[in-house]
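Please look over the ligand site and one buried position in the model shown here. The briefing is written with the cut-offs stated, for use alongside the coordinates.

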Amino acid sequence: MGRPFTFPDRTIVVTGGANGIGYALAERFLAEGAARVVIADLDGERAEAAAAELGERARGHALDVTDAEAVATLIKEVEQDSPIDLWCSNAGVGTGGGLGTDAEWDTTWRVHVQAHVHVARLLLPRMIERGGGHLLITASAAGLLTNIDSAPYSVTKHGAVALAEWLAIRHGEEGIDVSCLCPLGVNTDMTAGDGPDAATRLGGDYIEPSDVADSVVEALTEGRFLILPHPQAAVMEQRRASDRDRWLSGMRRARARLKSGN
Ligand SMILES: NC(=O)c1ccc[n+]([C@@H]2O[C@H](COP(=O)([O-])OP(=O)(O)OC[C@H]3O[C@@H](n4cnc5c(N)ncnc54)[C@H](O)[C@@H]3O)[C@@H](O)[C@H]2O)c1
């Protein structure tokens, strides 16, 4: 177990915080007493509108998480007032299905993996120097299991989980606590277009972003690494680990059922 995180008086940055899961995290962190929540999003206008909705302790900021210089600038700006206690690396992108285009591989790699590397390079040394800090990486259950629709999404989310584990191992003794959020389906803009045969449906009913925020607060308060807002994800991961061939056969059958509508 890592060190428990406490919310009162903390400074928190949430990337991809203008919508969906990130917005719900920002809202919940403020309700838990955070002093300051910075909502950083590619959609700067929406980030500012979200901050205005959430009140005076929230601030919106335009940020492309794939732009290391912009991330460095934001960190410096925020830390002029107070050190960042928790960085939620939550921004993500959906993709089309199948093996994907080169452009989709490039974007998903940069948003789902490289963006977390920028934060690790730019913020963790500052946190280590002052004695500690927390990093939350939003991966996905697709990064523990697979998403049989999209190869780029699934592979890059596996990368996000692997990186979160690596950072937790390498920096745990230096005061850095890492958590990795791995939901199955959540009702957000990203899944709004999901049809009845979307692979995410294999995980069961979609939950709400506020349910995800509940799980995140509980896990951070306990100092837990892996955050599974859908309890069935733990069972699915255990099945995969215990017999990989059996699991692959089951996934092939499930996909066939999904595609045939039965
Ligand atoms: N919705 C789900 O079912 C689900 C399941 C598992 C994991 N996730 C992950 O949760 C995270 C949040 O997704 P969501 O469902 O809330 O989707 P969403 O589309 O509602 O929100 C994603 C946000 O990320 C922002 N964003 C995209 N690229 C960015 C960039 N380069 N820089 C900064 N911001 C950027 C978008 O503008 C948007 O506000 C993502 O990492 C996603 O992969 C979602």
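What follows covers the ligand shell, its polar contacts and one serine.

This is a predicted model, in which local features need pLDDT of at least 70, side-chain atom pairs count only at pLDDT 80 or more, and totals for chains, interfaces and linings use all residues. Residues are numbered from 1 along each chain as its sequence is written, and side-chain values use heavy atoms, with hydrogens and water left out.

**Ligand shell**
- Of the 27 residues around the ligand, Ile21, Asp41, Tyr153, Val186 and Thr188 come nearest, where a residue belongs if one of its heavy atoms lies within 4 Å of the molecule.
- Helix 1 (20–31) and helix 6 (151–171) each supply at least two residues of this shell, helices being DSSP runs of H or I with at least four residues.

**Polar contacts of the ligand**
- Two ligand oxygen contacts are listed here: a polar side-chain atom of aspartate 41 lies 2.6 Å from an oxygen atom of the ligand, and a backbone N or O atom of asparagine 90 lies 2.8 Å from an oxygen atom of the ligand.
- The protein covers 92% of the 820 Å² of accessible area that the ligand has on its own, as computed by the Shrake-Rupley method with a 1.4 Å probe.
- A polar backbone atom of valine 65 is 3.0 Å from a nitrogen atom of the ligand.

**Serine 150**
- Serine 150, in the loop between strand 5 (133–138) and helix 6, has a relative accessible area of 4% and is therefore buried (under 20%, 1.4 Å probe, protein chains only).
- The side chains of serine 150 and threonine 95 are joined by a polar contact of 2.5 Å, a term for N or O atoms within 3.5 Å, one able to donate a hydrogen and the other to accept it.

Notes:
Buried means under 20% relative accessible area, exposed over 50%, partly exposed in between (1.4 Å probe, protein chains only).
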